[in-house]
Amino acid sequence: MSATAAIALLAGAQAATAAGHGEITVAYFLEWPMPFQYAKETGMYDEAMGTKINWVSFDTGTAMSAAMASGDVQLSVSQGVPPFVVATSAGQDLQIVDVAVSYSDNDNCVVASGLEIDKDSTGELAGKKVAVPLGTAAHYGFLSQMNHFGVDISTMEIVDMAPAEGAAALAQGSLDMACGWGGALRRMKEHGNVLLTGDEKEELGILVFDATTAPATYVAENGDMVAKFLAVTAEANAMWADEANHATMLPVIAKDAGMSEEDTMSTLSTFKFPTVEDQLSDKWLDGRAQNFMQGVAGVFVDAGSIPSALDSYAGTVNTGPLKAASGM
């Protein structure tokens with residue numbers, strides 16, 4: 001928690017300055033390349049919204065929730081659904097305003113190669129030491145996979161570690177398994193193997209997607225600003241969908257993500273960015289996402305990670321700004 005608190009304080013100092021000038025603070029992740037970063041770096045957001053945006057990077061979605069709770073951050077891009085569910089289940093008034101990215105292949109658990117454990121020998125995971133960033137998409141994926149394989153997690157030693165730390169510990173040989181995403185997951189795979197591919201996870205109903213989220217009060221009072229923000233994101237996604245733009249966009253995205261162009265491209269190729277039309281359909285925000293969150297909450301309650309779930313997660317999705325954005 002101390003690291004999270006420090007980040008929240010730093011973000012707070014920047015946000016306090018920002019609030020005085022009608023500016024807004026937006027949270028995002030490093031080593032998590034997305035088309036919006038091209039718009040971020042070329043000033044498309046500032047221009048469309050008529051204000052200065054302060055961008056603050058975070059390590060986990062749980063830290064984003066804390067920063068939104070304290071009023072330091074107004075929008076979080078690509079917050080994982082599980083940390084969002086953890087926060088809203090605890091009573092934090094947050095809302096999902098769009099589907100930022102779907103990425104079944106870019107969030108997973110990796111077993112140390114020396115163990116030679118695959119999906120046919122998962123019984124051998126009993127008693128093993130695993131690093132999991134608690135309350136995140138990786139945590140949900142870990143619990144769902146262990147549940148699928150019938151592995152009793154009470155027999156395992158579970159350590160709460162951010163993905164980058166988990167990757168380093170796995171490389172040093174001090175862990176049997178580590179879970180994470182992005183650049184950290186790529187480093188984990190150099191020292192081990194996954195149990196299930198992204199497609200195999202999706203078949204089991206283990207969706208992995210991130211959302212753009214915001215405090216409900218901010219959305220209620222600034223719906224037009226949120227709509228403008230989402231319209232720019234959609235524009236950047238549409239630009240990236242046309243391969244003719246890759247040569248222009250890739251170097252900018254890579255630099256902002258703190259990654260090489262090669263790693264950025266290999267990560268982006270595992271990402272899907274649903275169109276606004278798709279997001280507003282029953283595939284995503286017109287029902288499926290809400291039901292999925294109910295399922296995530298159930299898994300976390302069963303695992304003892306959260307005390308209780310909401311009766312319904314329908315109120316945690318607000319498609320108003322996205323619908324407005326589709327007309328911009």
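**View 1. After helix 5 comes Gly-91, a residue with a positive phi.** The phi of Gly-91 sits near 100°. This is a predicted model, where local features need pLDDT of at least 70 and side-chain atom pairs count only at pLDDT 80 or more, while totals for chains, interfaces and linings use all residues. Residues are numbered from 1 along each chain as its sequence is written, and side-chain values use heavy atoms, with hydrogens and water left out. Helices (H or I, at least four residues) and strands (E, at least two) are DSSP runs, numbered from the N terminus.

**View 2. Helix 5 (residues 81-89) is mostly covered.** Eight of the nine residues of helix 5 are buried, where buried means under 20% relative accessible area, exposed means over 50%, and partly exposed is anything in between (1.4 Å probe, protein chains only). The buried set is Val-81, Pro-82, Pro-83, Phe-84, Val-85, Ala-87, Thr-88 and Ser-89. What sits over them? The cover includes helix 4 (61-69), helix 6 (137-149) and helix 15 (288-302), along with strand 3, strand 4 (94-102) and strand 10 (209-215). Contact here means heavy atoms within 4.5 Å.

**View 3. Two residues other than glycine have a positive phi: Glu-31 and Ser-78.** For background, most residues other than glycine have a negative phi. Glu-31 has its phi near 55° and belongs to the loop between strand 1 (24-29) and helix 2 (36-41). Ser-78 has its phi near 70°, but its place is in strand 3 (residues 75-80). Buried or exposed? Ser-78 is buried, at 1% relative accessibility, whereas Glu-31 is partly exposed at 26%.

**View 4. One disulfide, Cys-109 to Cys-179.** The structure holds one such link, with a disulfide taken as a pair of cysteine sulfur atoms within 2.5 Å. Here the sulfurs are 2.1 Å apart, and the angle about the S-S bond is 105°, giving a right-handed link. Cys-109 comes from strand 5 (residues 107-112) and Cys-179 from strand 8 (residues 177-181), so the bond ties together parts that are 70 residues apart in sequence. Both Cys-109 and Cys-179 are buried.

**View 5. A five-stranded open sheet, in the order 7-6-8-5-9.** The pairing in this sheet is mixed; two strands pair if DSSP finds at least two bridges between them. Which strands stand at the edges? Strand 7 (157-160) and strand 9 (192-194) do, each with a single partner strand, so one side of each is left without a neighbour in the sheet. Neighbouring strands are turned by 25° against each other on average, direction ignored. Axes are lines fitted to C-alpha atoms, for helices over the stretch in contact, and angles run from 0 to 180 degrees between N-to-C directions. Zooming in, strand 6 (residues 129-132) runs parallel to strand 8, paired over two bridges. Ala-131 stands opposite Ala-178 of strand 8. Helix 7 (residues 163-172) lies across strand 5, strand 6 and strand 8, at about 145° to strand 8.

**View 6. Lys-40, Glu-41 and Asp-256 share a network of salt bridges.** A salt bridge is a side-chain nitrogen of Lys or Arg within 4 Å of a carboxyl oxygen of Asp or Glu, and a search of the whole structure turns up six. Inside the network, the side chains of Lys-40 and Glu-41 meet at 2.8 Å, N to O. Lys-40 is buried at 10% relative accessible area, but Glu-41 is partly exposed at 43%.

**View 7. The salt bridge of Lys-119 and Glu-200 links distant parts of the chain.** N to O, the pair comes to 2.6 Å. Lys-119 sits in the loop between strand 5 and strand 6, and Glu-200 in helix 9 (residues 198-203), 81 residues apart. Lys-119 is partly exposed at 38%, and Glu-200 is partly exposed at 25%.

**View 8. Asp-278 forms a salt bridge with Lys-283.** The closest N and O atoms are 3.3 Å apart. Asp-278 has a relative accessible area of 27%, partly exposed, and Lys-283 is partly exposed at 41%.

**View 9. Residues 1-21 stay under a pLDDT of 50.** pLDDT is the predictor's confidence in each residue, from 0 to 100. Over this stretch the model has 15 contacts beyond four places in sequence. For the protein chain, the mean pLDDT is 92, and 94% of its residues reach 70 or more.
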